Amino acid sequence: MLEKMRSLKNFFLYECLFSLTFWNSVSLSVENELFTSASHNFPEAGSDNKIKSLPLMYTNSHKSKASFDWVVIQNTTESLSLSEIKNEDVEKLIALLSNFKKGSRLQNLTLANISVDWKDFTEILQTAWHSSIEYLNINNMTQLSDIEKYDFSYSDTSMKALTMKKILITDLYFSQDDLYRIFSDMNIAALTVAESEMIHMLCPSFDSPFKYLNFLKNDLTDLLFQRCEKLIHLEKFILQRNKFESLSKVSFMPSHMKSLKYLDMSKNLLHHDGAEGRCEWANSLAELDLSSNQLTESVFECLPVNIQILDLQNNQIASVPRGIAELKSLKELNLASNRLTDLPGCSGFPALAALNIEMNSILTPSADFFQSCQRVGELQAGHNPFKCSCDLRDFIRLEKQSGGKLSGWPGAYVCRYPEDLQGTQLKDFHLSELSCNTTLLLVTALLLTLVLVAVVAFLCVYFDALWYARMMWQWTQMKRRAWHSYPQEQENMLQFHAFISYSERDSLWVKNELIPNLEKGEGCVQLCQHERNFIPGKSIVENIIDCIEKSYKSVFVLSPNFVQSEWCHYELYFAHHKLFSENSNSLILILLEPIPPYVIPARYHKLKALMAKRTYLEWPKERSKHALFWANLRAAININLP
């Protein structure tokens, strides 16, 4: 009789399971791998992919067919996934879940696409609470109506984590306590309510065992958990993509969470004004994500003192103020996608080991960073509009010295300015030490200037440049005075055939030979001699220039004595100047005695040039040749004077 009763009971159970599957298109998936325990390995935060608290079992699922084979599975499988649950299916679902008592192998249950009333939902949740299920996932649920108080029993449960995603409340008038109290007082380790337009959550009524809370993408505000002292075991708290605004108010929210280590406040509307007052964070908080908000540099006035990992990317921070924040435990700082124009100093972050400043507005990183941030082992500074100039050399040298300290090198480090170097990788940009070292450049320029001055001075001394400059100045002054004194005589009529220039030591030959032979006889020549034709009262230089100007030719009696005479040098200079200024052929050279080249001083380079290029008359020692010499000299001087 007992055997018959047991067979009838099993047959009735199989019929119920078959009906539930067939009528409601129940999807059953059997997973071969165990779910990781949420109480020991909570999901990481930082992005949508990271913060999904428990995987939903949609993969490899299939709608079960009308078959009794799956009934046997309930004693062997660990994961069950059901879909398309409606109000009329609730009693059968509760009956099914009631069979999975403690000790059953079913640990993971996923309910998707549910449309039930509040009373039915709480009954399902209560039934699962007292079953063997440890991880319950509810996805895409529409709660139709009638939210009212429900006395939920939390005792005697195997539940560790509850995940609810995309929950829609259609009831317009209800008490928030009736809705949120059930979830806030749960005695489980992990709770996720995501993408559900949730506007509030109550503080637990007793010291809560929550270690992980995830309220991703809701409508929560700064009023959440104010003065809540019951979340003493909470370690990880995710509030990404909500509507928090005041950073100072947010800081008071976790101030009583003594075990909190990670807080994600990214993608909110957070801002901070120094006038808002002080901030008070939990001392245990080690990792804080404030990325994608509206924070400026004043955020450094409102940070946890013991923070170790800080994410401030995608805000509006233009600088890192010095002397405001003393974050002695900070090891990782993310300032990517802000408005920084320079690398921050590390005076307030002595333990900083990793820094991210990618995608800012840094043109030329200052050398102060490399001096104050020597403990930084990883620097991400790529994708900045670098200006390739001398100021960038220290930054480039850092990569060479560190051997991989710059993350993303060399592809992410490219010149933006100047335009001719745009697109050039920093590793290919080189400038010489001389072009960048101002002190070295000045010293080099000074040395070159001194060398140039020394060379010029030597050449001036060697070629007697100062003497020529003085002579040029006297020539100019004489011509100017002559112009103002005798403007009617500018055409300067010639009065002499030749001006004679000679050394006093050769005066006997000039007086006894040259003058008598040229001024006497037929076709006499009128000579200008300094002893008889210089005008008293005028300077010697003026008399020399005046005689040269009034003479058709200038005859120079050359000898070793000539090159030793200072006045002969004057006369040769002015005659040579007339030669070039008037483009005339007025110079006649008479070589009285041979002149060895080494005897001619360096300043007589004009004489050397004249003797090398012009034909000169050489005074013959043989008396028989004298007549021909004088004939040639007369022919060279001969001109009809007016």
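# Patch, sheet and a buried valine

User: What makes Val451, Val455, Phe458, Leu459 and Tyr462 a nonpolar surface patch of about 480 Å²?

Analyst: A patch takes residues with over 30% relative accessible area and no salt bridge, joining nonpolar side chains within 5 Å (like charges within 9 Å); a salt bridge is a Lys or Arg side-chain nitrogen within 4 Å of an Asp or Glu carboxyl oxygen, and areas are Shrake-Rupley values with a 1.4 Å probe. Val451, Val455, Phe458, Leu459 and Tyr462 make such a patch, and valine 451 itself sits in helix 10, residues 438-462. This is a predicted model, in which local features need pLDDT of at least 70 and side-chain atom pairs pLDDT 80 or more, while totals for chains, interfaces and linings use all residues. Numbering runs from 1 along each chain as its sequence is written, and side-chain values use heavy atoms, without hydrogens or water.

User: How do you know that strand 18 and strand 20 pair?

Analyst: Pairing requires at least two DSSP bridges between two strands, and five bridges join strand 18 (residues 496-501) to strand 20 (residues 551-558), so the criterion is met, with the strands running parallel. Strands themselves are DSSP runs of E, at least two residues, and helices runs of H or I, at least four, numbered from the N terminus. Within this pair, isoleucine 500 stands opposite valine 555 of strand 20.

User: Why is the sheet in the order 19-18-20-21-22 called open, and what packs on the sheet?

Analyst: Strand 19 (527-528) and strand 22 (617-618) each have a single partner strand, so one side of each lacks a neighbour in the sheet. Helix 17 (residues 626-637) packs on the sheet, touching strand 18, strand 20, strand 21 (587-591) and strand 22, with its direction at about 165° to that of strand 21. Helix 14 (residues 540-549) lies across strand 18, strand 19 and strand 20, at about 120° to strand 20. Contact means heavy atoms within 4.5 Å, and the angles, from 0 to 180 degrees, compare N-to-C directions of axes fitted to C-alpha atoms, for helices over the stretch in contact.

User: Why is valine 376 called buried?

Analyst: Buried means under 20% relative accessible area, exposed over 50%, and partly exposed in between (1.4 Å probe, protein chains only); valine 376 has 2% relative accessibility and therefore counts as buried. Valine 376 lies in the loop between helix 7 (368-372) and strand 15 (378-380), and, leaving aside neighbours within four places in sequence, touches Cys346, Leu352, Ala353, Leu355 and Lys405. In the protein, 46% of the 642 residues count as buried.
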